[in-house]
Amino acid sequence: MGDEAKVARVRVWNDSFSAHAPGDGTLVADQEPEQWTPAPFEPRTQTLVYASNLLSSFAFRRDNVPCLVKDGSTLLVLKGKKWREKRLPERTLLPQAFLAWDGGALFVDSPVGACGWATSSAIERLDQPTGTVFTQVSSNGATSHPSLDLDPSFMAWAGSRAEQSLALVGTFGIRAEPAPGEDVVGTRDIAVMRRHAQGPFKATLIVHAEGPQTQSVRTQIREFGAAALLWPPPVRDDGTKVTDAVANGGDEIAWAGHASSIFLIKDDAAAELSFRSTSDQDCYVQDATLVGESAYAIVACPSSAARLVRARLGVPPEPIALPPLIDHAPCTPVQIIARAPDDLWVRAACGGTAEKPDVDAVFRSAHPQQPLLF
């Protein structure tokens with residue numbers, strides 16, 4: 001399931017079927033399946049990321065090799081039905097974000113160590129002139145390095161965009177060796193920087209923290225234009241790891257007291273929306289989207305199937321049941337997507353397992369929709 005902002009529609013497809021919802025209309029099957037050429041990569045040995053969504057004409061590919069080893073990083077640009085490849089030999093790390101931007105794509109990089117799972121050493125220490133570096137890719141594959149007028153001390157961990165709005169989450173780096181006369185600025189706070197159109201960026205404080213544990217590169221952010229959503233990594237409310245975590249991430253303590261919240265971020269403030277109860281401390285957000293003033297999230301728990309939850313300001317989280325299909329087999333949410341202001345779509349796996357369902361289904365909330373068989 002994909003969403004293209006330029007034509008404001010939802011598309012659903014597989015190898016032999018495609019359907020689309022033009023404007024605010026219902027999902028209708030295409031007379032001829034819409035063809036799309038995926039970027040070439042070897043799933044067993046490579047990782048492929050598209051700029052913002054699967055239907056992008058820009059992709060980034062790297063070999064699955066240890067961190068800081070030459071990894072065959074490649075930029076791919078779709079021209080017609082052929083992907084053109086441009087090697088990026090200077091890269092040995094994944095970018096903090098790879099986004100569609102201004103008719104092309106945007107790499108977001110920072111000195112935050114991508115080699116670690118969550119944290120490494122005192123990586124808020126800023127040793128380079130700017131904490132975040134942008135690499136813009138034009139439609140023909142040419143690259144440039146705009147500043148976008150971001151505070152040079154801000155170090156991004158992740159990013160997201162919607163049309164001409166850009167959101168980054170990170171922290172303000174502390175200069176390792178300040179220049180003569182330069183103030184030793186910086187914090188260990190978790191902050192979001194957002195800008196619309198030509199800017200400027202505006203900062204929103206998410207968590208005020210002390211100590212190196214604030215380097216939470218597992219934090220997720222989604223920009224929607226009118227607002228952004230942010231949610232923490234899997235953490236219990238007391239700042240400890242969840243039961244089934246492979247290891248300590250190192251960033252858990254930074255989220256103590258805020259780990260059950262999805263943050264709704266607007267230009268003037270941030271609000272916390274609860275996505276779990278006090279008895280669900282090992283549950284965490286897999287993905288989330290925004291519909292009006294509500295966040296809809298796929299919440300995963302170690303002892304039960306993933307569920308769809310509606311989170312709103314000042315009220316307990318509300319589980320949203322998906323109707324069963326095929327002999328009452330339960331349906332588990334897999335992906336969610338929203339279109340402003342009140343259109344919510346959910347892709348689900350019904351029967352079988354989430355990895356190998358008996359039926360793939362697409363549900364739409366609060367809008368009439370005739371069933372379509374794939």
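Colleague: Which residue forms a salt bridge with Asp282, and how far apart are the closest N and O atoms?

Modeller: In this predicted model, Asp282 forms a salt bridge with Arg236, and their closest N and O atoms are 2.8 Å apart; a salt bridge here is a side-chain nitrogen of Lys or Arg within 4 Å of a carboxyl oxygen of Asp or Glu. Asp282 lies in the loop between β22 (270-274) and β23 (284-291), while Arg236 lies in the loop between β20 and β21, so the pair ties together parts that are 46 residues apart in sequence.

Colleague: Anything I should know about the ground rules?

Modeller: Residues are numbered from 1 along each chain as its sequence is written, and side-chain values use heavy atoms, with hydrogens and water left out. Because this is a predicted model, local features need pLDDT of at least 70 and side-chain atom pairs count only at pLDDT 80 or more, whereas totals for chains, interfaces and linings use all residues; pLDDT is the predictor's confidence in each residue, from 0 to 100.

Colleague: Back to that pair: is Asp282 buried or exposed?

Modeller: Asp282 is buried, with a relative accessible area of 16%, and Arg236 counts as partly exposed at 26%. Buried means under 20% relative accessible area, exposed means over 50%, and partly exposed is in between, using a 1.4 Å probe and protein chains only.

Colleague: How many salt bridges are there by this rule?

Modeller: The count comes to 16. One of them joins the side chains of Arg307 and Asp280, at 3.1 Å from N to O. Arg307 lies in strand β25 (residues 304-311) and Asp280 in the loop between β22 and β23, so this pair ties together parts that are 27 residues apart in sequence. Arg307 is partly exposed at 22% relative accessibility, and Asp280 is partly exposed at 22%.

Colleague: And what about Arg364 and Asp343?

Modeller: Their side chains meet in a salt bridge at 2.8 Å, N to O, and both Arg364 and Asp343 are buried. Arg364 lies in strand β29 (residues 359-365) and Asp343 in strand β28 (residues 343-350), so the pair ties together parts that are 21 residues apart in sequence. In addition, salt bridges that share partners join Arg194, Glu223 and Asp267 into one network.

Colleague: You mentioned β28; how many of its residues are buried?

Modeller: Seven of the eight residues of β28 are buried, so this strand is largely enclosed by the rest of the structure. Strands here are DSSP runs of E with at least two residues, and helices are runs of H or I with at least four, numbered from the N terminus.

Colleague: Which strands does β28 pair with?

Modeller: β28 pairs in the antiparallel sense with strand β27 (residues 331-339) over eight bridges and, also in the antiparallel sense, with β29 over seven bridges; two strands pair if DSSP finds at least two bridges between them. A hairpin joins β27 to β28 through three residues, and the bridge partner of Pro333 in β28 is Ala348. On the side of β29, Ala349 stands opposite Asp360.

Colleague: Zooming out, how many helices and strands does the chain have?

Modeller: The protein chain comes to zero helices and 29 strands, and buried residues make up 46% of its 374 residues.

Colleague: Which residues touch the most other members of the largest nonpolar core?

Modeller: They are Val169, Ile190, Ile206, Leu230 and Trp255, in a core of 21 residues. A nonpolar core is a set of buried Ala, Val, Leu, Ile, Met, Phe, Trp, Tyr and Cys residues joined through side-chain atoms within 4.5 Å. β14 gives the most to this core, with three residues. Apart from it lies another core, of 17 residues, among them Leu229, Trp231, Cys283 and Val285.

Colleague: What does Leu230 contact?

Modeller: Leaving aside neighbours within four places in sequence, Leu230 is in contact with residues including Val169, Ile206, Trp255 and Phe263, where contact means heavy atoms within 4.5 Å.

Colleague: Last topic: where is confidence lowest?

Modeller: Confidence is lowest in strand β1 (residues 2-4), at a mean of 49, and highest in β21, at 98. The pLDDT is also below 50 over residues 116-123, a stretch that has 18 contacts in the model beyond near neighbours in sequence. Where pLDDT is low, the predicted coordinates should not be read in detail. For the protein chain, the mean pLDDT is 84, and 87% of the residues reach 70 or more.
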